[in-house]
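Student: Hey, got a minute to go through a model with me? I'd like to start with how the helices pack.

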Amino acid sequence: MGLKKGYCPYCKVNDNRDRVIEVNPEAKIFYCPNCLHALDPRAAVDDYNNFVTRLVVRADSTLKRFSEFSSAYQQYADILEVEPNNLDARIGRIIALLYLSSIRVSQITNAMILFRNEKAKYYHKSEQYDKLFSYIITINRILDEYHRRLFKRLTLKKRFYDAECIMIYFQRTKEIVDFKQEIIEELEYLCEKVSDRTKVEQFIEKVSTNISHIESEIKNEYISAEGYRYTLINFDQKGLPVFARSEKREAKNIYRIRYSTLDSSEKGKKVLISDAIFKDRTKINHFLKIILPIYLVSFGLAICLAAVGIYHAIKQNFDLWYVFIIVAGVFFAIGLAFGISRLVLLQKSKTKN
């Protein structure tokens, strides 16, 4: 049996990844090459597996619980430096990329390329086929959610605001279709590998039907909120949609609304469309960490100052005892304000994307 990765709990290092060492699991005793502490090789291997599991749980929590997509992506990447074959980190990184996709800057194609390049080298070799199938279902769901939110953000009463909105929508739609076709190819491979082939076949049919629906939909004519008709001609070599636009406006344009736009130069004349599709809560989470000690300290000072003021008032040995009460009231108000802010932000952080 060859060497395996182990974990030394005795090394004095700043980064726990530096505790990872190679051990011979068949040896009776092993000395850490860094700190020279005696280790049980089998215990070191178990400690390494537990260490990787903790890293995955932490990254999953950052992604799913705290919705800090960029941090989660980096945490998954850090895991892969230690454990390149870890399926959870490989797919987690792809999911984080999808959540990082905005209207103007999409990571869908990058995520698809990662998926395509890694599936044979890493996913298949892990032989965790049922888990891989579950992850593919998640990826497809995120693509559908992105597509639905994108359409809602770029339209008014099912009309796109302008030509740029139509172009972005169809460009992202093509990226989604390309990824879904890649998913179907992988599902066809998994049919022979998973424990329940019927579920995979049913899901292939579902994704195929969805692709057909999308491709049929984009062939329709679209009328913008400004009243112009747009028809998709084709996609160019770069994947950008090419449209034909009617010369005249339709009579049924939408009045008495303030139009939105993706063009920042139109800001002030029109409402600038928010770029985010999935809500990243990094700023909220960081602010919550700042608020908690402030409001605790404020309440603590309020109680102490109020107690001092009441004490002097009862003893009648300080003419300005009420100053303590006033200052205590100020700190209480500050603490209350930060407490309410924290509750509001907590509610926002718990709401789903």
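**Helix pairs and a small sheet**

Tutor: Sure. Start with α1 and α2, which are roughly antiparallel to each other. This is a predicted model, by the way.

Student: What angle do α1 and α2 pack at, and how far apart are their axes?

Tutor: The angle between α1 (residues 41-65) and α2 (residues 69-82) is about 165°, and their axes are 8 Å apart. That angle is over 145°, the cut-off for roughly antiparallel, so the label fits α1 and α2.

Student: Is the crossing of α1 and α2 left-handed or right-handed?

Tutor: Left-handed.

Student: And which residues meet there?

Tutor: On the α1 side they include Tyr48, Phe51, Val52, Leu55 and Val56, along with Arg58 and Asp60. Among their counterparts in α2 are Phe69, Ala72, Gln75, Tyr76 and Ile79. By class, the contact of α1 with α2 has 12 nonpolar residues, three polar and two charged.

Student: OK, switching to strands. What order do they take in the open sheet?

Tutor: The order is β7-β8-β9, three strands with antiparallel pairing. β7 (221-223) and β9 (241-245) are the edge strands, each pairing on one side only. On average, neighbouring strands in this sheet are turned by 40° against each other, if you ignore direction.

Student: Does anything pack on that sheet, and if so, which helix?

Tutor: Helix α6 (residues 163-190) does, touching β7, β8 and β9. The direction of α6 makes about 145° with that of β9.

Student: How many bridges join β7 to β8?

Tutor: Three, with β8 covering residues 229-235. In that pairing, Tyr222 stands opposite Tyr230 in β8. The hairpin of β7 and β8 has five residues between the strands, and Gly227 takes a positive phi near 105° there.

Student: And how many between β8 and β9?

Tutor: Five bridges, again in the antiparallel sense. Asn234 has Val242 in β9 as its bridge partner. The hairpin of β8 and β9 also has five residues between the strands, and Gly239 has a positive phi near 85°.

Student: Back to α6. How does it sit against α7?

Tutor: The axes of α6 and α7 (residues 197-217) come within 10 Å and cross at roughly 155°. The two helices are therefore roughly antiparallel to each other, and α6 passes α7 in a left-handed crossing.

Student: Which residues make that contact?

Tutor: From α6, they include Tyr169, Val177, Lys180, Ile184 and Leu187. From α7, Val200, Phe203, Ile204, Val207 and Ile211 are among them. The contact of α6 with α7 divides into 10 nonpolar, four polar and four charged residues.

Student: Last thing: where is confidence lowest, and where is it highest?

Tutor: It's lowest in helix α9 (residues 321-350), with a mean pLDDT of 73, and highest in helix α3 (residues 87-100), at 97. For the protein chain, the mean pLDDT is 87, and 93% of the residues reach 70 or more. Where pLDDT is low, predicted coordinates shouldn't be read in detail.

Notes:
Residues numbered from 1 in each chain as written. Predicted model: local features only at pLDDT ≥ 70, side-chain atom pairs only at ≥ 80, totals over all residues. Heavy atoms only, no water. Axes fitted to C-alpha atoms, helices over the stretch in contact; angles between N-to-C directions. Helix = DSSP H or I, 4+ residues; strand = E, 2+ residues; numbered from the N terminus. Parallel < 35°, antiparallel > 145°, perpendicular 65-115°, else oblique. Left-handed = near helix turned anticlockwise from the far one by under 90°. Contact = heavy atoms within 4.5 Å. Nonpolar A, V, L, I, M, F, W, Y, C, P; charged D, E, K, R; others polar. Pairing = 2+ DSSP bridges. pLDDT = per-residue confidence, 0-100.
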